[in-house]
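Q: Got a minute to go through this one with me? I'd like to start with the chains, then the rings.

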Number of protein chains: 2
Amino acid sequence: MAIKYPNGVNPARHTPAGNPQLSTTPSTAKRGMTLESELNQSNQYYVTTGQAVIYKKPTPIQLVKVDYPKRSAAVVKEAYFRRPSTTDYNGVYRGKYLDFDAKETQHLTSFPLKNFHKHQIDHFRRCLKQAGICFAIIRFTKLHQTYLYPAALLIKAWDAQANGARKSIPLSTIQQDGFVIPNRLAPPLDYLVAVDQYLATINLGGSHEVK
Amino acid sequence: MAIKYPNGVNPARHTPAGNPQLSTTPSTAKRGMTLESELNQSNQYYVTTGQAVIYKKPTPIQLVKVDYPKRSAAVVKEAYFRRPSTTDYNGVYRGKYLDFDAKETQHLTSFPLKNFHKHQIDHFRRCLKQAGICFAIIRFTKLHQTYLYPAALLIKAWDAQANGARKSIPLSTIQQDGFVIPNRLAPPLDYLVAVDQYLATINLGGSHEVK
């Protein structure tokens, strides 16, 4: 499933569609929307309606050459993609720090752990220690199903894999321990519903913390 | 004080010094360090020591042309700086969402409000409504003094200015209502000390909220 983009960066992420302010209009056929586009529209919806303040972080770029033509905008003439040190999304929701990454898989019965990079897992570990609310948003593209899966459980599977366990998380496990994210008209991906359900389990004493 | 970079973006922010992973070594003379460089080193120190997870967001870039040479990294050939929708820094500290921006001024007796853009102030408003901990880090370069100044007070001054009040915040006000940030060897700018003091005033019932 993992498409090998140079430097691990998907060029499609840099199109205007990746910018909430330039996002596609609501008339765009839902079927063609990427997970990232749906998330950006949802985040914009949440900001506009005052429900949360969450953004996708820009992809870090290493600038090499920048021209400054007179009376017009600076032009980047040579630059390279850098690997981010963090996950892609973070923000604040009702006093909570939210931190997550979004992944799609074409698989039908499990989510391959190789969709995550070690630096993302390490970032989750650090944020969890600071009592952040951390999770993955996992879409099974062919099944049209999207789940919130707590980072603590993802880390558990990641560490088990390093000790020889399976290199993927079964869909059944994600369905059991994760939270369904509903698709709607607005926001297209109402993940705060799943966040609320997840927070409720934590408040009930569910132990998703990582020691 | 406001230097007019194309698109309002300071090209110096894109140098390796702006990347925590490539930041200058501790042997660098402190005197030559910029506020941003000190913050990046401090954030790296906080992440390493497990005290907090805070990063500067990359500057958003609008890609126009990207080459993909075989067997080597993608090269950005044409791109433009975009204006960020948020402040530069955010992250998590002991369960709290922290959000701030850093500004330097050469002024001796006041901080000009024009150092802030409306979109940054609006972002602060939204984050405060979500109970985020929001502030400005303001450095009086010539005085070698740096302060944490609560966003709610900044917003108050900003709104008053729109109604005809003064277009700057007096240093004396910042000294009275803000919190001194100490310069150290490591971290170079120990702003969590000031955050702790600020949080203590909030817990004591100080009303820095914006209605």
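A short run through symmetry, aromatic pairs and charges over rings follows.

A: This is a predicted model, in which local features need pLDDT of at least 70, side-chain atom pairs count only at pLDDT 80 or more, and totals for chains, interfaces and linings use all residues. Residues are numbered from 1 along each chain as its sequence is written, chains are lettered from A and ligands numbered from 1 in the order written, and side-chain values use heavy atoms, without hydrogens and water.

Q: What turn lays chain B on chain A?

A: A turn of 180°, with a shift of 0.0 Å along the axis and an RMSD of 0.0 Å (least squares on C-alpha atoms of residues with pLDDT of at least 70 in both copies). The two copies are therefore related as by a two-fold rotation axis. The same surface serves both: 100% of the contact residues of chain B recur in chain A (contact means heavy atoms within 4.5 Å).

Q: How many aromatic pairs over all chains?

A: The whole structure has 19 (Phe, Tyr or Trp rings, the six-membered one for Trp, with centres within 6.5 Å; planes under 30 degrees apart are stacked, over 60 edge-to-face, the rest tilted). B:Y45 and B:Y46 pair edge-to-face, at 6.3 Å and 70°.

Q: Is B:Y46 buried or exposed?

A: Buried, with a relative accessible area of 1% (buried is under 20%, exposed over 50%, partly exposed in between; 1.4 Å probe, protein chains only). B:Y45 is partly exposed at 30%.

Q: New topic: what sits over the face of A:F116?

A: A:K103, at 4.8 Å from the ring centre (NZ of Lys or CZ of Arg within 6 Å of the centre and within 35 degrees of the ring normal). In chain B, B:K103 lies over B:F116 at 4.8 Å.
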